[in-house]
Amino acid sequence: MDDVLALAGVGLRRDGRRILDGVDWRVAPGERWVVLGPNGSGKSTLLRIASLWLHPSEGSVRVLGEQLGRCDVRRVRARIGVSSAAMADQLRPALQVDDLVMAGLRGDLETWWHDYTDADRAVAVATLERVGVGHLATRTFGTLSSGERQRVQLARVLVARPELLFLDEPASGLDLGAREDLVGRLAGLAADPSVAPTVLVTHHVEEIPAGFTHALLLRDGRIVAAGPIGETITSELLGETFGLRVLVDHDGGRWRARAATTA
């Protein structure tokens, strides 16, 4: 089968500064990728280009069989699910949670733009239950905790059954309990063959869910390594990515990294 995402020679310049440089990256059907790198490495910029919300300065971008620059990006974006802080900022705090998720069926921010049915609402509630927050259906988005908002936003993305899924730092700002709950639910999604190929952006290896298959390491806008996760999440490559000596452990499907101490 064809790749769902193919970037070749992608670069981005802003005010004379290179944010991305020579990025080659392919995501195949069924794969679950994590994109790792320090702050300012270009991770979120790479995601915005891959999800067709930003044009690169150079290179080619092909998503779901469509070439950026030769397609209607609005039509292709409707086939892509994106969960990010920028997307969450567009959601009205007073909107009821089940309405917010139901609007995601058509990629809307509000339910008044289209007509919805009782069956649509039932699908929205079922999706909320799938990510463990069905009890929040009648709450308003603005009253939720950070962890609850992350899971509601995940439900909003999943309800539309996207063909490609991007998650930009979904565990950012969560406490330990909320993070572990979210990571566990993402592991469940990774194990579900009906879930679209997924790309998770983070800068903590502890946030990689079990079942993720590949990793891309990014530093200063350039790829340090990309490939099967067991070959990529290593002490040597992570050390090169983050600019320090690190030790990496893997146990029970989860990863840990810590700075190496010197004698």
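# Notebook: pockets, cavities and strands in a predicted model

**Entry 1. The largest pocket.** I began with the open space and found that the largest pocket holds about 570 Å³. I note here that the model is a predicted one. I then looked up which residues lie closest to the centre of this pocket: of the 23 that line it, they are Trp53, Arg77, Ile80, Gly107 and Arg156. Next I asked which elements give two or more residues to this lining. I recorded α2 (73–77), β6 (80–83), α3 (85–88) and α6. Sorting the lining of the largest pocket by class, I obtained 12 nonpolar, 5 polar and 6 charged residues.

**Entry 2. The largest cavity.** I turned to enclosed space, and a search of the whole structure gave 3 cavities of 30 Å³ or more. The largest cavity has a volume of about 50 Å³. I listed its lining as Arg32, Leu165, Leu167, Leu186, Leu189, Ala190, Val195, Thr198 and Phe212. Both β7 (164–168) and α7 (176–190) supply at least two residues of that lining. I noted α7 as the element that gives the most, with 3 residues. By class, I entered 7 nonpolar, 1 polar and 1 charged for the lining of the largest cavity.

**Entry 3. The second largest cavity.** For the second largest cavity I recorded a space of about 40 Å³. Ser83, Gln150, Leu154, Leu167, Pro170, Leu182 and Leu186 form its lining. Leu167 and Leu186 were already in my list for the largest cavity, and I find them again in this one. At least two lining residues of the second largest cavity come from each of α6 (146–158) and α7. Its lining divides into 5 nonpolar and 2 polar residues, with no charged residue.

**Entry 4. Strand β3.** Arg32 in the lining of the largest cavity led me to strand β3, residues 32–36. Why do I describe this strand as largely enclosed by the rest of the structure? I do so because 5 of its 5 residues are buried. I then checked the directions of its residues: Arg32, Val34 and Leu36 point one way from β3, while Trp33 and Val35 point the other way, and all are buried.

I followed β3 to its partners. With strand β8 (residues 198–202), β3 pairs in the parallel sense over 5 bridges. With strand β9 (residues 214–219), the pairing of β3 is also parallel, and I counted 4 bridges there. Val34 served as my reference point for both pairings: Val34 stands opposite Leu200 in β8, and opposite Ala215 in β9.

**Entry 5. The open sheet.** I next traced an open sheet of 4 strands, in the order β2-β1-β4-β5, with antiparallel pairing. Which strands stand at its edges? They are β2 and β5 (66–67); each has a single partner strand, so one side of each is left without a neighbour in the sheet. I examined the β5 edge further and found 2 bridges joining strand β4 (residues 58–63) to β5, the two running antiparallel. In that pairing, Val63 has Glu66 in β5 as its bridge partner.

**Entry 6. Positive phi outside glycine.** I looked up two aspartates with positive phi. Asp15 is not a glycine, yet its phi is positive, near 50°. I located Asp15 in the loop between β1 (5–14) and β2 (17–27). Is Asp15 buried or exposed? Its relative accessibility is 85%, so I count Asp15 as exposed, the cut-off being over 50%.

Asp220 likewise has a positive phi, of about 50°, without being a glycine. I placed Asp220 in the loop between β9 and β10 (222–228), where β9 is one of the partners of β3. The relative accessibility of Asp220 is 56%, so Asp220 counts as exposed.

**Entry 7. The protein as a whole.** I closed with overall values. The protein has 9 helices and 12 strands. Its C-alpha trace spans about 60 × 45 × 40 Å along the principal axes. I compared the radius of gyration with that of a compact globule: for 263 residues the globule would have a value near 18 Å, and the 19 Å of the protein agrees with this. Buried residues make up 51% of the 263. Among contacts with a separation of 6 or more, I recorded that 61% are between residues 24 or more positions apart.

Technical notes:
Residues are numbered from 1 along each chain as its sequence is written. This is a predicted model: local features need pLDDT of at least 70, side-chain atom pairs count only at pLDDT 80 or more; totals for chains, interfaces and linings use all residues. Side-chain values use heavy atoms; hydrogens and water are left out. On a 1 Å grid over the protein atoms alone, a cavity is a set of points where a 1.4 Å probe fits but cannot get out, and a pocket is an open set with protein on both sides within 12 Å along at least five of seven lines; lining residues have an atom within 4 Å of a point. Grid points are joined across faces, edges and corners, and a volume is the space filled by probe spheres set on the points. Ala, Val, Leu, Ile, Met, Phe, Trp, Tyr, Cys and Pro count as nonpolar, Asp, Glu, Lys and Arg as charged, and the others, Gly among them, as polar. Buried means under 20% relative accessible area, exposed over 50%, partly exposed in between (1.4 Å probe, protein chains only). Two strands pair if DSSP finds at least two bridges between them. The radius of gyration is taken over C-alpha atoms; the globule rule is 2.2 Å times the number of residues to the power 0.38. Contact means heavy atoms within 4.5 Å.
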